[in-house]
Amino acid sequence: MNGIECALQSIRPEFDFTTSTDFIGDGMLDSYDMVMLVAELDKSFGIRLAGRDIVPENFRSISTIEQLVGRYEKAA
Amino acid sequence: MNLTFHNRAITGLLVVVPSHERKFVDEMANFNFPPARSLKLKQVMGYDTHRLVDGPVCASDLAGRGLRHLFKNRALQREDIDALVVVTQSPDYLMPPTSSIIQGCLGLKQDMFCMDISQGCAGFLMGLYQAFLLLDQPAIRKVVLVNVDVLSRRVSKQDRNSYPLIGDAASIAIVERSDDPSPIHASLKMDGSRSRALMIPAGGFKEPSTPETAVLEEDSEGNLRARDHLRMDGSAVFNFVQVEVPPMIEALLRTAGATREEVDYFLFHQPNRFMLQKLAEAMNVPEAKMPNNVVEHYGNSSGVTIPVAIAHNLRERLMTGTVRACLAGFGVGLTWASMLMKLGPLRFCDLIDFPETVC
């Protein structure tokens, strides 16, 4: 399990996030889960995700979250 | 819109908070969510204690408590009040204005100006703009600016998105002309096309309250609320703040010819701790310069959070000294506003409880 999957599991342990490509539409993450996930990602990856990037489009799937985190890791 | 004022100052500030205190951990069972998720949310958002009115307490009751306190302590004389500006989203009645209720209840003079402004989280700034403008009139020497909300009465106790953060409070700021000619720079933007992101749908003339509007409905996130209750599109509001506020502050400082380092405090409206932390990061401002401790101690009291932040964090310093403060409010409307001004020394700066007695 990679860091993003671990972060997702820590927020909603009841779901298998590898089975979905639309966490929001499938009811696996709500707006407040996104906030908690950002706090978790900031801590785990040593980044500071900007508030303006906390939008549903960036949190739909493991792939979109990886792209988001990747941008910050690259910038660092 | 950029605004500039001269020779204006806040000369005293009093905050009134209900003595009735509730803890997030005691309310978690009301929410349709597992305790572990709620506790994680508490940690990130800074939910802990909030102050709420207990029973049918109105805006005029909180404001009246504060004004009587000032009269009793001779910090303010009734006859000196030339204008009373009340900013609230929870008026006592649709009509008459709450400012008129307060004027009558406290026996203020007739030869004065009373007005209400319907504004929320940017309400302290909006009220200051209006107070500064009123002071252009020679007949007006002292403006009492009241910001007050008792919105907890219109938030569902089963709405995890709004109830844990809500707080009730009133503030009374005395606004007067000053000898200091240094400019007060301000800015204001409004976008009514997004006004439904924060609203109470029922209870006005568009959708009067009925038994149907009081029925609780479950949203897609498991929150229960009625159309009589406050509803907030959390994602949209969060994104609005993060996108609009940092460039507004940058532009304000540029207009004022000031740097971030020259500002002692960034005293922003406080919806929750996470929102403020992300704003501080985006603006590259140290957290120590942007207090984010209002929600955890008192809750989010809309336009009163900036006065609460001042009274809670700076009251001793402002009794004798001066700070250069950047104020910002953002929310209902949608409205976002900011101001760069000197605060202090104040003749009074205090925070008092509201006892459970009514006007």
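**Exercise 1. Identify the residues that B:Leu84 touches, and place B:Leu84 in the nonpolar core.**

Solution. Two residues are in contact if their C-beta atoms, placed from the backbone, lie within 7 Å. Residues up to four places away in sequence are not counted; B:Leu84 then touches B:Ser99, B:Ile102, B:Gln103, B:Leu108, B:Met112, B:Cys114, B:Val144 and B:Val146. The model is predicted: local features need pLDDT of at least 70 and side-chain atom pairs pLDDT 80 or more, while totals for chains, interfaces and linings use all residues. Residues are numbered from 1 along each chain as its sequence is written, and chains are lettered from A in the order in which they are written.

Next, a nonpolar core is a set of buried Ala, Val, Leu, Ile, Met, Phe, Trp, Tyr and Cys residues joined through C-beta atoms within 7 Å. A residue is buried with 20 or more other C-beta atoms within 10 Å of its own, exposed with 12 or fewer, and partly exposed in between. The largest core has 133 residues, of which A:Leu37, B:Leu84, B:Val146 and B:Val175 touch the most other members.

**Exercise 2. Describe the five-stranded open sheet of chain B and the surroundings of β15(B).**

Solution. Helices (H or I, at least four residues) and strands (E, at least two) are DSSP runs, numbered from the N terminus; two strands pair if DSSP finds at least two bridges between them.

1. The order is β1-β9-β16-β15-β14, with mixed pairing. Because β1 (2–5) and β14 (265–268) each have a single partner strand, one side of each is left without a neighbour in the sheet.
2. β15 (residues 323–331) and β16 (residues 335–343) of chain B pair in the antiparallel sense over nine bridges. B:Ala328 stands opposite B:Ser338, and B:Gly329 stands opposite B:Ala337.
3. β14(B) and β15(B) pair in the parallel sense over four bridges; B:Phe266 has B:Cys326 as its bridge partner.
4. Seven of the nine residues of β15(B) are buried, so this strand is largely enclosed by the rest of the structure.

**Exercise 3. Characterise the side of chain B that touches chain A.**

Solution. The contact joins 16 residues of chain B to 13 residues of chain A. Elements giving two or more residues to the chain B side are α2 (35–45), α6 (234–256) and α7. The largest share, six residues, comes from α6(B).

**Exercise 4. Is B:Ala288 buried or exposed?**

Solution. B:Ala288 lies in the loop between α7 (273–283) and α8 (294–297) of chain B. B:Ala288 counts as exposed because it has 8 C-beta neighbours inside 10 Å.
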